[in-house]
Each structure stands twice: as C-alpha cells, then as structure tokens.
Amino acid sequence: MQTETILYITIAAITALLLALFQYLYKSKLKSNLKYILVALRFIAVFGILLLLINPKFQSNTYYNEKPTLVVAVDNSESVSYLEQDAGVNSILKSIDSSSELKERFNIQEYSFGKSVNNLDSLSFTERQSNISQALKQFGEVFKDETAPIILVTDGNQTYGSDYSYVYNSVNQPIYPIILGDSTVYSDLSIKQLNVNRYAFLKNDFPVEIITNYNGTEAVNTELKIWSGSNMVFRKTIQFDDAKTSEIVSTTLTANSVGVKTFRVELVPLEDEKNKVNNTKNFGVEVIDQKTNIALVSDKLHPDLGALKKSIESNEQRSVTILNPKEYFDKINDFQLVILYQPNNGFNRVLQEIKAQKLNTFTISGPITNWNLLNNSQGYFKQTITNQTENFQPNLNKNYNTFIVDNLDFNNYPPLKSEFGKTEFLVPADVILYKTVNGITTDQSLLSTIEFENTKHALLSGEGIWRWRAQSYLDTESFSDFDNFIGKLIQYLSSNKKRTRINIDYKSFYNGNDDVIISAQYFNKNYEFDNSASLSITLKNTEDDSVREVPLLLNNGNYTVDLSGIKAGEYNFTVKHASEAVSALGQFQVLEYNVEQQFLNADISKLKSLANNSSGKSYFSSETDDLIENLLSDKRYSTIQKSTKNIVPLIDWKYLLGLIALSLFAEWFIRKYNGLI
C-alpha cells in the first residue's frame, strides 16, 4: 500500500474519532458508560464511509509450482513401418510412459504427426505423408511461453513442407530427436525427382526431366527406361561411381492421342539392391487438342497485367497475349476470350466489334476507365459517373452458384481502387464479391458474372488485383489458391457450355500421394444453391469393377468428398441426387506412387543438425534410457515457483458495507431505546 494512502487512512481515522468524541463526549449530558458504546459505533460508521471514499487497494500473493512440459512427437507415417521401426517406437513410448521420475519432473504431452498433428491416441503408421517442419512450428507456437523440450521420434524422412533443419529458430525449444533406423549405408539407385508438365498438346513433343541418384561407393551400370503401357518409348544407359552420384536425364515424348496418358519410369535395379520401390515412378500427362488463347487488352502498363498473365498461364491449357487496342483489333479472330483492362477512348472500335461478334469479355475497371464510352458500348451494366475514386475491399458472396468458388480469405485482401458510385445491372447478374467500405459490406458488386443472349461476361470494379495475388502468397506461401480462383473464372468465361444443376470440380488424374477431393454444387430448378440436398458419389474402378458409394458432405458452401487413400487405377464416377433424376458424370485416374516408400535409411545428418542447432541432442532408438537420464539431470528443466498477484479494492469488500449499516442501526436503536431521539 502506498504511503499516500496510509496517510489518508490515518487522517480519516482521526477525523472519524474526533466527530464521534465531539458528539457524545463534548458537553454531552450522558453520564453512563453508554456514551462510550455510541462513540465506538459512530466512529465505525464514519471511518467506514471515509474508507470507501479513499478506496485503498489490498494486494495478496498466491504461490504455486509449475513443472516444465515435455512434448513427445511421434512420426506416424508409412515410412516408419516400411523401415521396420514400428516395434521400436512402441518400445520408446513404453520407456517414457513407465518412467515415474520423468512424470514427476515434467508434464508429459504426447502427439502423433503425419501431414498434420494429432493427439497420440494410437499409432497406425498409415499416414501417407510426413510434415516434420509444420509439426515443430505448431509446437513452437503452442508452447512459446513455456519451457517445453521436444522429443521427436522419427526417421527424419520428410515428404511434405519446408526443410525442417532450419525451423529451430521459430520453435525456440531444445529438440531431442530419437532416430528410427541405423547408420548402415546400402547401395541404392533411386529416381530422386521427375519434372513434367501436367498438360501437352496433340501431335506435339513434351519434355520430361528425370533426376537419378546413386548411394554407394562402387562403380555400377544401369539403364533408364520409360514405358507407355507395355511399349518402351525411351531407354538410356547410365554409369555411377563414388564421384558421380547423380545424373539428370532429359528427353521428349510425343503426344499421339487426346486424353490422360500414363507412363512409367524405371531405373533397372542392382542385383543386391535392398529397396527397389524407389527405382520406378509413374507420371501422367493430359493431352488436349487445343489451347485457349486469351487477349489481355490494355492501353497502359500496370502490374495487374503481369499478375493476370501469370495467374491465367499457371494452367498450361491457356495462353495470354498482352496487346494494345489496335493490335487486338488486327488479331481479333485469334482469341477465344478478351480481357478489357480499364477501357478508354482507344477502345472504341474494339468495343464495337466485340458487340457485333457477341464475344465473351472480362472487363476490369479503374480510375482511368472511360465510363461514358463503356456505358454506351454495351447493354449489360451502367456505372454512375462521379469522377471520384474510392477504395473497396472484397467480401465473398457464399451463395454464388455459377461455378464453385473456393473459400479464400478475401476479407484479408487489400482494397481495389475504382469509380465511386452505383453500378446498375441491366440484365440478370450473379455477384461473386461485394464491395466493403470501412468494414461495412454494401450491396454493390465488386466482381460479377453475366450470362445473356448466349454470351458470358464478368465485371471487376477495381485496379490493383496484383496485390491480391501477393496477399495470397503471404497467407499460404503459394499463389495456387488465387490462381485457381482466376482459372475457374477464365474457364467459365471461355466456355459456351450451358449451366447444369450439378457442377463438379475435380482433376483428370492424381498422383498416388495427392489428396483426392471432389467438390460439387447442387441447384434447384430455379438455379438457386440448395444447401439441404442429399448427394452421393458412386465410384467404380474400371480395372476390377469394384463399386463403392459415398455421401457428399456440405462444407463451406460446397458438397465435398475426400477419396484420399484409394488404390491406384482408373475410376468412373457419378454424382447424383438421392430423390431427383439429376446427376453428373466424370472420370479420373490415380497413379501408383508411395512417397513414404522411397527411403532406405533415416536422415541422420539432418536430425543431428536440428538437435545441435536447437541446443538439444540426438539419440538412436536404443539410447532412450540415456535421453531420459539427460532430461532428468538438465538444470534447464527445473520446477519453477510462480506467484499470482491479486489486487482487490476495498470498495469490492461487501462486509465493510454491512458493518457500516450494522453500526448505524445499532446506534439508532440504542438512542431510540434510551429516549435520546
């Protein structure tokens, strides 16, 4: 309590005592000892009231002991069982769980991880991918305010995510890897990486790049072969030794027919090679008949042009050419879709020809758009001209139903600059994004699509879409989410297919470790999204004729089903409604590949580097007892005594108010009883 407060309390006590003495002792007619009782009661009442006015604060400390946390993270991926280390993992966990000293010293929390982190309920070693870096980052975030060393039980073979050997800076906890595997070096040939485009064009050659690897010391000869079904389409002899442990093989193959074509790359194994699974790798290429040519017409240079070109061309089926209005007018018949970027006076002839030929368009407006020209050149929308600009942020319309829109975090995206004023649609339009100003969502469209008289159009009211692509990368460390969104918009605009009541979204083929997720949207007879539909998918394997039916679940505005883990092969599927004769058909192929079976040894060097850089230490599975002893003797992990400081103001103490009321009542009663009032 502060000195100033103590002084106020002292003055209050003296004042209360003087008032009580003045009333009952100074010139008082009371001769009995009753006056002293009344003095005490009046002192208590006055002093209590003055205390409430001063409102001193009282402090109390509560002490408690806090043990450090011990995080045990176990790799639950298939590579652990493939390296025959699953029994060793169970032995390690048994040693940790049975150590009473360890339980007394630490709060032990156990987790398993593959592609994501889960509580350790049971281990199956069936996770198809392992992301060690993401698991460590999550532990670093959860336990950032605690002392929490991490025991990492893994073989160190990561198949997904960023390099975990550099993640220790964001974890800030000592890491103790328990290495599953031995240090024995076996001679091994492997296909380290295969680079090929997802799409190729009919009658064209497409490139294939194969990175081969050798682990060993003796000179060996092998042969690289590429098979298409039972036909060998490429072969090459390769030599390795202790000086040459890798070779990049590049070739081209010919796309002879339309559709998904699968190939198998084979590196002929050595006679005594232990792991032959990593000697083969399958890949697929979708052969298409033509490429969609898109004209991006602009009369000014702007970062938006480059962002749109990169985003659209992330799909090899599409090609974007940036032209000025005159250049486009001379080549207007070469393109299936035109993007009009901030049309001005130079677009007059272009807009007239687009209207005459009834071409599909994607119009992007901004501060320099000539709205007089644009309003008069088409009959789909009209912008109120104010000659003022405003910054608008996007807000996703979750009821948009023309095509499937992934749930991007548009609320986090930067604003776009455009004309201030109302945009009026003269024909039916579907809003994808609404305008948001100062956090208030309006009913005005920022991005909309239009279907009218067998043409399709889109209007984006804003300049600065390059910032959206950059924000997508900041949020997810990838451009793919934004590129997929733009790709679906371009696919819709460049296609003349009629709207169907079930839209499905899927890939033509998946690699063995890809997530096989199929999305669908269902619309009623008025083409309004129905969120109460009962949809299911019937999946048929064309190789063994096996059939399975799985329901689709509503998830963030889409009906989705996760078919990850199905065996390799070709599949036909039908998405249908339970009670209406409405369905959609599709087919895809799953290529055989298990990334978790590509490893022969544990990644010892990387795990040791992680331990040293994080001030921990690495151990082999047979050294678990040494690890436990080290943790128990490490002074960094002592129990810490902490205190909680509680500051309570006197005005919150209800008993004082009761004491004041009681003393005033007692004083009144005594005086009344003795005829003093």
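**Exercise 1. Compare the radius of gyration of the protein chain with that of a compact globule of 677 residues.**

Solution.
- Start with the reference: a compact globule of 677 residues would have a radius of gyration near 26 Å.
- The protein chain, a predicted model, has 37 Å instead.
- Now take the box. Along the principal axes, the C-alpha atoms fill roughly 125 × 80 × 55 Å.

**Exercise 2. Describe the secondary structure, burial and contacts of the chain as a whole.**

Solution.
- Count the elements: 16 helices and 36 strands.
- Check burial. Of the 677 residues, 46% count as buried.
- Turn to the surface. The accessible area comes to about 35,000 Å², and carbon and sulfur atoms hold 48% of it.
- Look at sequence separation. Take contacts between residues at least 6 apart in sequence; 72% of them join residues at least 24 apart.
- Finish with charge. There are 65 positive and 76 negative side chains. The centres of the two sets lie 11 Å apart.

**Exercise 3. Find which residues touch the most other members of the largest nonpolar core.**

Solution.
- The largest nonpolar core has 35 residues.
- Phe362, Ile432 and Trp468 touch the most other members.
- Helix H13 (residues 480-494) gives the most to this core, with 7 residues.
- Now list the partners of Phe362, leaving out residues up to four places away in sequence. Phe362 touches Val338, Ile339, Leu340, Leu447, Ala458, Leu460, Leu489, Ile490 and Leu493.
- A second, separate core has 25 residues, including Val516, Tyr522, Ile537 and Val561.
- As background, nonpolar side chains tend to be buried together in soluble globular proteins.

**Exercise 4. Decide whether Lys225 is buried or exposed, and list what Lys225 touches.**

Solution.
- Locate the residue: Lys225 sits in strand E10 (residues 220-228).
- Apply the cut-off. Buried means under 20% relative accessible area. Lys225 has 16%, so Lys225 is buried.
- List its contacts beyond four places in sequence: Met232, Phe234, Arg235, Arg264, Val265, Glu266 and Val268.

**Exercise 5. Examine the phi angles of Glu84 and Asn172, then their settings.**

Solution.
- Recall the background: most residues other than glycine have a negative phi.
- Glu84 is not a glycine, yet its phi is positive, near 60°.
- Glu84 lies in the loop between helix H3 (78-82) and helix H4 (86-97).
- Its relative accessibility is 67%, so Glu84 counts as exposed.
- Asn172, also not a glycine, has a positive phi of about 55°.
- Asn172 lies in the loop between helix H7 (168-171) and strand E6 (175-179).
- With a relative accessible area of 62%, Asn172 is exposed.

**Exercise 6. Set sequence separation against C-alpha distance for two pairs: Asp430 with Ile450, and Val46 with Asp334.**

Solution.
- First pair: Asp430 and Ile450 are 20 residues apart along the chain. Their C-alpha atoms are separated by 6.4 Å.
- Asp430 belongs to strand E23 (residues 429-437). Its relative accessible area is 25%, so Asp430 is partly exposed.
- Second pair: Val46 and Asp334 are 288 residues apart along the chain. Here the C-alpha separation is 96 Å.
- Val46 belongs to helix H2 (residues 34-54). Its relative accessible area is 18%, so Val46 is buried.
- Which residues touch Val46, leaving aside neighbours within four places in sequence? Ala16 and Leu19 do.

Terms used. Residues are numbered from 1 along each chain as its sequence is written. This is a predicted model: local features need pLDDT of at least 70, side-chain atom pairs count only at pLDDT 80 or more; totals for chains, interfaces and linings use all residues. Side-chain values use heavy atoms; hydrogens and water are left out. Helices (H or I, at least four residues) and strands (E, at least two) are DSSP runs, numbered from the N terminus. The radius of gyration is taken over C-alpha atoms; the globule rule is 2.2 Å times the number of residues to the power 0.38. Buried means under 20% relative accessible area, exposed over 50%, partly exposed in between (1.4 Å probe, protein chains only). Contact means heavy atoms within 4.5 Å. Accessible areas come from the Shrake-Rupley method with a 1.4 Å probe; for residues, only the protein chains shown count as cover. Lys and Arg count as positive and Asp and Glu as negative; His and the chain ends are not counted. The place of a charge is taken as NZ of Lys, CZ of Arg, CG of Asp or CD of Glu. A nonpolar core is a set of buried Ala, Val, Leu, Ile, Met, Phe, Trp, Tyr and Cys residues joined through side-chain atoms within 4.5 Å.
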